[in-house]
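Open the structure in your viewer and keep the sequence panel beside it. This tour goes stop by stop, with a selection to make at each one.

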Amino acid sequence: MHTVWKGAISFGLVHVPVKMFSATEDKDISMRMIHKVCGGPIAYVRQCKNCEVDVDWDDIAKGYEYEKGRFVLFDKEELDSLTTDATKTIQIVDFVDLKEIDPIYFQKTYYLSPDQAGGNAYNLLLEAMRNSGRIGIAKISIRSKSSLAAIRVIDNCLAMETIFYPDEIRPIVQVPGLPEAVNVNEKELTMAQMLIEQLSTPFEPGKYTDDYRTRLMDLIGKKIAGEEIHVAPEQQRTNVVDLMAALQASLEAVKVTPTEPAPAPTPSKPKARAKKVKETVS
């Protein structure tokens, strides 16, 4: 793995030197913009809209648009001066229960490993956190961006999840069209809960695959091989109006046991069954 950051975890007066590695990787299939006429890739250039000329990196500054079309400019040195030694520290400020954090706050996961002679302190923090059942809430700066982070234990590794600041989470009241009161049909609710129960299972991440990526890679392979491609259009789904019918069909699809017991079969008469067996033997 490639080291993306080096620093230390700090809690109290304890410093734990660590290296940081990305815990996830993007598996999306990358595609280039291609000129249909000649098949050549399209290049993106850095061009000034005012001068209409290409601009070198040395002539580029960063700017903040405080009014429409008006900017204050910053050189790299000015922005670098804002950083301090603290930006190389993951400073744990609190320990909390993971259940108290809504998943909406989580951004990206990183693995942390001990660096230099920090093995003992790393193991101490890992085991103390494991025994406490708590996670650490910390502050960190990565690539000049300040973030909150959650430090937790995964197996024998400390992991860090960057999380949004509270003012970066949009209030739910801004979502249009939400119902003021939730009113549902009791029978539909019962059937919906039955369906949820039937589809409930322990989380096994290995069973979930990216079907789109699989189909796309298959299509890419066929195009490379020169095969003629015919993609059948997907049938449009009609809006489901009858919720009860949809719920019933869903329950039948997952083979839910009927709520009402089936009528017991009528027992055969002993004499008639004995006679039939006798006739078969003879």
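## Stop 1: the S8–S9 hairpin

Select strands S8 and S9, which pair in the antiparallel sense over seven bridges. The model is a predicted one. S8 covers residues 145–154 and S9 covers 157–163. The two strands form a hairpin with two residues between them. Click on Asp155 in that turn: its phi is positive, about 55°. Now move up to Val153, whose bridge partner in S9 is Leu158.

## Stop 2: S9 from both sides

Keep S9 and hide the rest of the hairpin. Is S9 mostly covered or mostly open? Mostly covered: seven of its seven residues are buried. In a regular strand, side chains alternate between the two faces of the sheet. Show the side chains of S9 and look at each face in turn. One side carries Cys157, Ala159, Glu161 and Ile163, all buried. The other side carries Leu158, Met160 and Thr162, also buried. Glu161 is one to click on, as a buried residue on the same side as Cys157.

## Stop 3: across to S6

Add strand S6, residues 106–114. S6 and S9 pair in the antiparallel sense, here over five bridges. Pick Tyr111 and find its bridge partner in S9, Ala159. Then pick Leu112, which stands opposite Leu158 in S9.

## Stop 4: the whole barrel

Which strands close the barrel, and in what order? Select seven of them and follow the order S1-S2-S6-S9-S8-S7-S5. The barrel is closed and its pairing is mixed. From one strand to the next, the twist averages 40°. Next, bring in helix H2, which packs on the sheet. H2 touches S1, S2, S5, S6, S7, S8 and S9. Its direction makes about 70° with that of S9.

## Stop 5: the nonpolar core

Nonpolar side chains tend to be buried together in soluble globular proteins. In this model, the largest nonpolar core has 22 residues. Select Ile9, Met20, Ile90, Leu112, Ile151, Leu158 and Met160, the members that touch the most other members. At least two core residues come from each of S1, S2, S5, S6, H2, S7, S8 and S9. Which element gives the most? It is H2, with four residues.

Now center on Met20. Leaving aside residues up to four places away in sequence, Met20 touches His2, Thr3, Val4, Trp5, Ile90, Tyr110, Tyr111, Leu112, Ile140, Ile142 and Met160. A second, separate core has seven residues, including Val96, Leu148, Ala150 and Ile163. Color the two cores differently before moving on.

## Stop 6: salt bridges

Side chains of opposite charge can pair when their charged atoms come close. How many salt bridges does the structure hold? It holds seven. Three are worth a click.

- **Asp115 and Lys6.** Their closest N and O atoms are 3.8 Å apart. Asp115 lies in the loop between S6 and H2 and Lys6 in strand S1, so this pair ties together parts 109 residues apart in sequence. Asp115 counts as buried because its relative accessibility is 8%, under the 20% cut-off. Lys6 has 42% and counts as partly exposed.
- **Arg130 and Glu127.** Their side chains meet at 3.3 Å, N to O. Both residues lie in helix H2, three residues apart, about one turn of the helix. Arg130 is partly exposed at 34% relative accessible area, and Glu127 is partly exposed at 36%.
- **Glu67 and Arg70.** This salt bridge spans 3.8 Å, N to O. Glu67 is partly exposed, with a relative accessible area of 45%. Arg70 is partly exposed too, at 46%.

## Stop 7: zoom out

Show the full chain as a cartoon. The protein has six helices and nine strands. Of its 282 residues, 18% count as buried. Switch to a surface view: the protein exposes about 23,600 Å², and carbon and sulfur atoms supply 55% of that area. Finally, turn on contacts. Among those with a separation of 6 or more, 59% join residues 24 or more positions apart.

Note on methods: Residues are numbered from 1 along each chain as its sequence is written. This is a predicted model: local features need pLDDT of at least 70, side-chain atom pairs count only at pLDDT 80 or more; totals for chains, interfaces and linings use all residues. Side-chain values use heavy atoms; hydrogens and water are left out. Buried means under 20% relative accessible area, exposed over 50%, partly exposed in between (1.4 Å probe, protein chains only). Contact means heavy atoms within 4.5 Å. Accessible areas come from the Shrake-Rupley method with a 1.4 Å probe; for residues, only the protein chains shown count as cover. A nonpolar core is a set of buried Ala, Val, Leu, Ile, Met, Phe, Trp, Tyr and Cys residues joined through side-chain atoms within 4.5 Å. A salt bridge is a side-chain nitrogen of Lys or Arg within 4 Å of a carboxyl oxygen of Asp or Glu. Two strands pair if DSSP finds at least two bridges between them. Axes are lines fitted to C-alpha atoms, for helices over the stretch in contact, and angles run from 0 to 180 degrees between N-to-C directions.
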